[in-house]
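Here are some worked exercises for you to try with the coordinates open. Take each task on your own before you read its solution.

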Amino acid sequence: MTKVAVIGAGSWGTALAMVLADNEHEVRLWARRSEQIEEINKHHTNSKYLPNINLSERIIGHNQLATALADVEIVLLVVPTKAIRETVKEMKKELKVPVTIIHASKGIEPGTHNRISEMIEEEFCGSEILRNVVALSGPSHAEEVSLRQPTTVTVSSNSHDASELAQDLFINQHFRVYTNPDLVGVEIGGALKNSIALVCGLTNGLGMGDNTKAAIMTRGLAEIARIGVKLGANPLTFAGLSGLGDLIVTCTSVHSRNFRAGYMIGKGKSLDEVLQSMGMVVEGIRTTKAAHELATKVDVDMPITSALHAVLFEGLHPKEATERLMGRVKKHEVEQLDISFLEGK
């Protein structure tokens, strides 16, 4: 049995807490709102985020970060990307023993263009409290994980031992965990698929069908791989769970917030109206801004992401964005990616 602090009691944090509880770990689930923690501890439910789901009594809610983190050696960080730095700064003040941080968030930070592991490491720079950072990613809706439906994910770290630690922590008969040494690829794939899901939802909202969705997903994966390889990722990662797998589930499922948000935009809703009606974070919106900035910075062609950026932040009409994509100059489908960095590995 391992003591694990789960920082973030939204749907995904709660579902992962359930996996840990099923594996008989001691789980401390932290959230800011005292009424949410009271519900978790008194009724063993988290109805706002996972309706009609009963939680294990092994999951104990905390709204004090100090008590949630006391004497733990593993922290599972599951907060929105925009809250990562603030939360990590608070954690750093309370942690007394070295920890491995496993994060299950997906995004890129606008401005710095840092991946989440880089944000965490930057905040702990110079401290011996942080042992390792592990990313957990893959096709995994919280709603289905909480029902113990078969799910497969990937964990990745710059430390092989840390990846195996995370794998052993989570793996069970319902939740299969693979390891992948390509931390860059795992994080880039998990982040950028949200933007592609927004576009799939948007075209669906415009009345377009499966042909369009297949085109967006396929060419979207190509541009994710293009920038991923530019940043040092292994192209094979994007054919795996944190690439193609996560792209499929996010672009096709009714559970996908990004797809639903894109659908509403395609139906004519403004970005502000969409965010207000969703009531939860839509990671793809912030990630699209960061990805567009990053693509410009490293000189990588990402036409789908650029078109979405124009819709979200530059006032371009969704239908015009689609026409712009279809009117691009002719190209070869198969690209020659520069993978010389893999030689000798």
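The exercises below go through salt bridges, burial, a helix face, a pocket and cavities.

This is a predicted model, so local features are given at pLDDT of at least 70 and side-chain atom pairs at pLDDT 80 or more, while totals for chains, interfaces and linings use all residues. Residues are numbered from 1 along each chain as its sequence is written, and side-chain values use heavy atoms, with hydrogens and water left out.

**Exercise 1. Salt bridges between elements**

Task: Find which parts are tied together by the salt bridge of R32 with E86, and do likewise for R85 and E122.

Solution:
- Step 1. Begin with the rule: a salt bridge needs a side-chain nitrogen of Lys or Arg within 4 Å of a carboxyl oxygen of Asp or Glu. The count by this rule is 15 salt bridges.
- Step 2. In the pair R32 and E86, the closest N and O atoms are 3.7 Å apart. R32 sits in the loop between strand 2 (26-30) and helix 2 (34-43), and E86 belongs to helix 4 (residues 84-94), so this pair ties together parts 54 residues apart in sequence. Helices (H or I, at least four residues) and strands (E, at least two) are DSSP runs, numbered from the N terminus.
- Step 3. For R85 and E122, the N to O distance is 2.9 Å. R85 is in helix 4 and E122 in helix 5 (residues 116-123), so the bridge joins parts that are 37 residues apart in sequence.
- Step 4. Now check accessibility, where buried means under 20% relative accessible area, exposed over 50%, and partly exposed in between (1.4 Å probe, protein chains only). R85 is buried at 14%, whereas E122 is partly exposed at 45%. R32 is partly exposed at 47%, and E86 is partly exposed at 46%.
- Step 5. Follow the links onward: R85, E109, E122 and E123 form a network of salt bridges.

**Exercise 2. A salt bridge in one helix**

Task: Work out how many residues apart E323 and K319 lie in helix 15.

Solution:
- Step 1. The side chains of E323 and K319 meet in a salt bridge, at 3.7 Å from N to O.
- Step 2. Both residues lie in helix 15 (residues 318-326), four residues apart, which is about one turn of the helix.
- Step 3. An α-helix has 3.6 residues a turn, so residues three or four places apart point the same way.
- Step 4. E323 has a relative accessible area of 48% and is partly exposed; K319, at 44%, is partly exposed too.

**Exercise 3. The surroundings of V72**

Task: Decide which residues V72 touches, not counting those up to four places away in sequence.

Solution:
- Step 1. Place V72 in the loop between helix 3 (65-69) and strand 4 (74-77).
- Step 2. V72 is buried, with a relative accessible area of 0%.
- Step 3. Search for contacts (heavy atoms within 4.5 Å). V72 touches K3, V4, A5, R28, V97 and V99.
- Step 4. V72 and L95 are 23 residues apart in sequence, and their C-alpha atoms are 8.5 Å apart in space.

**Exercise 4. The two sides of helix 7**

Task: Say which residues of helix 7 are buried and which exposed residues are on the face turned away from them.

Solution:
- Step 1. Helix 7 (residues 160-170) has A162, S163, A166, Q167, L169 and F170 as its buried residues.
- Step 2. Seen down the helix axis, these residues fall within an arc of 160°, so they line one face of helix 7. The arc is that of the directions from the helix axis to the C-beta atoms.
- Step 3. The face of helix 7 turned away from the buried side carries the exposed residues H160, D161 and D168.

**Exercise 5. Cavity linings**

Task: Find which helix gives the most to the lining of the largest cavity, and which to that of the second largest cavity.

Solution:
- Step 1. On a 1 Å grid over the protein atoms alone, a cavity is a set of points where a 1.4 Å probe fits but cannot get out, and lining residues have an atom within 4 Å of a point. Two cavities of 30 Å³ or more are counted.
- Step 2. The largest cavity has a volume of about 70 Å³, and helix 1 gives the most to its lining, with three residues.
- Step 3. The second largest cavity has a volume of about 60 Å³. Helix 8 gives the most to the lining of this second cavity, with four residues.

How values were computed: On a 1 Å grid over the protein atoms alone, a cavity is a set of points where a 1.4 Å probe fits but cannot get out, and a pocket is an open set with protein on both sides within 12 Å along at least five of seven lines; lining residues have an atom within 4 Å of a point. Grid points are joined across faces, edges and corners, and a volume is the space filled by probe spheres set on the points.
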